[in-house]
Amino acid sequence: MDAPLPKNADPWWYGYSTGHWEGDTLVVESAGFRDLGWLDVEGSPLTDAAHVTERYRRPNFGYLEIEVTIDDPKAYTKPWNVMVHQHIMVDTEIFEFVCQENEKDAPHLK
């Protein structure tokens with residue numbers, strides 16, 4: 001929080017992020033991604049030139065708005081936005097994200 005993005009750092013899968021508050025909105029900026037990554041499971045490209053800005057706002061209990069701006073001049077002709085609306089799900093569990101890249105154990109678990 002409240003720190004500048006690193007300059008000339010080695011690229012990373014999820015980039016480097018920093019955040020700050022603008023009123024009731026948490027703004028997270030990320031850069032320094034590895035080249036030829038994906039934004040999503042559909043394969044939308046993300047390059048080392050990308051700058052991603054996420055704005056998190058909670059207008060009321062149980063509701064979260066996330067506005068994401070993708071600015072990647074190597075992959076897209078202009079910056080674009082996505083708005084994500086999240087609702088609270090009571091009495092549920094959060095599942096852990098598991099990276100399946102280079103996964104080699106499954107054949108041995110049968």
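How many salt bridges does the count come to in this structure? The count comes to 5 salt bridges, and I shall return to several of them once the strands have been introduced. Please keep in mind throughout that this is a predicted model.

Let me begin with the sheet. Five strands make up an open sheet, and their order is E1-E2-E5-E6-E7, with antiparallel pairing. Strand E1, residues 16–22, and strand E7 stand at the edges; each has a single partner strand, so one side of each is left without a neighbour in the sheet. Going from one strand to the next, the twist averages 20 degrees. As a general point, side chains in a regular strand alternate between the two faces of the sheet.

We may now take the pairs in turn. Strand E2 covers residues 25–31 and is joined to E5 by 7 bridges, the two running antiparallel. Within the structure, Val28 stands opposite Glu54, which belongs to E5.

The next pair is E5 with E6. These strands pair in the antiparallel sense over 8 bridges. As an example, Val52 has Ile70 of E6 as its bridge partner. E5 and E6 also form a hairpin, with 2 residues between them. In that turn, Gly62 has a positive phi of about 85 degrees.

Then come E6 and E7. They run antiparallel and are joined by 8 bridges. Here the bridge partner of Thr69 is Asn81, in E7.

With the strands in place, I turn to the salt bridges. Which residue forms a salt bridge with Arg55? The partner is Glu22, and the closest N and O atoms are 2.8 Å apart. This pair links distant parts of the chain: Arg55 lies in strand E5 and Glu22 in strand E1, 33 residues apart. As for exposure, Arg55 has 31% relative accessibility and counts as partly exposed. Glu22 is also partly exposed, with a relative accessible area of 39%.

A further salt bridge is formed between Lys74 and Asp48, whose closest N and O atoms are 2.7 Å apart. Distant parts of the chain are again linked: Lys74 is in the loop between E6 and E7, Asp48 is in the loop between strand E4 (45–46) and E5, and 26 residues separate them. Is Lys74 buried or exposed? Lys74 counts as exposed, because its relative accessibility is 52% and the exposed class is over 50%. Asp48, at 37% relative accessibility, counts as partly exposed.

The salt bridge between Glu65 and Arg57 has its closest N and O atoms 3.4 Å apart. Glu65 counts as buried, because its relative accessibility is 18% and buried means under 20%. Arg57 is partly exposed, with a relative accessible area of 29%. These two residues belong to a network of salt bridges that links Asp24, Arg57 and Glu65.

Let me move to the largest pocket. How much space lies in it? The largest pocket holds about 920 Å³ of space. Its lining consists of 23 residues, and those nearest its centre are Trp13, Tyr14, Trp38, Leu39 and Asp40. Four elements give two or more residues to the lining: strand E3 (37–38), strand E5 (51–60), strand E6 (63–71) and strand E7 (80–87). What classes of residue make up the lining of the largest pocket? By class, there are 15 nonpolar, 4 polar and 4 charged residues.

I shall close with two backbone details outside the strands. Leu36 is a residue other than glycine, yet its phi has a positive value, near 65 degrees. Leu36 sits in the loop between E2 and E3, and it is exposed, with a relative accessible area of 69%.

Where is Asp91 found? Asp91 is found in the segment after E7. Although Asp91 is not a glycine, it has a positive phi of about 55 degrees. At 81% relative accessibility, Asp91 counts as exposed.

To recapitulate, the open sheet has the strand order E1-E2-E5-E6-E7, the count of salt bridges comes to 5, and the largest pocket is lined by 23 residues. Thank you for your attention.

Technical notes. Residues are numbered from 1 along each chain as its sequence is written. This is a predicted model: local features need pLDDT of at least 70, side-chain atom pairs count only at pLDDT 80 or more; totals for chains, interfaces and linings use all residues. Side-chain values use heavy atoms; hydrogens and water are left out. On a 1 Å grid over the protein atoms alone, a cavity is a set of points where a 1.4 Å probe fits but cannot get out, and a pocket is an open set with protein on both sides within 12 Å along at least five of seven lines; lining residues have an atom within 4 Å of a point. Grid points are joined across faces, edges and corners, and a volume is the space filled by probe spheres set on the points. Ala, Val, Leu, Ile, Met, Phe, Trp, Tyr, Cys and Pro count as nonpolar, Asp, Glu, Lys and Arg as charged, and the others, Gly among them, as polar. Two strands pair if DSSP finds at least two bridges between them. Axes are lines fitted to C-alpha atoms, for helices over the stretch in contact, and angles run from 0 to 180 degrees between N-to-C directions. A salt bridge is a side-chain nitrogen of Lys or Arg within 4 Å of a carboxyl oxygen of Asp or Glu. Buried means under 20% relative accessible area, exposed over 50%, partly exposed in between (1.4 Å probe, protein chains only).
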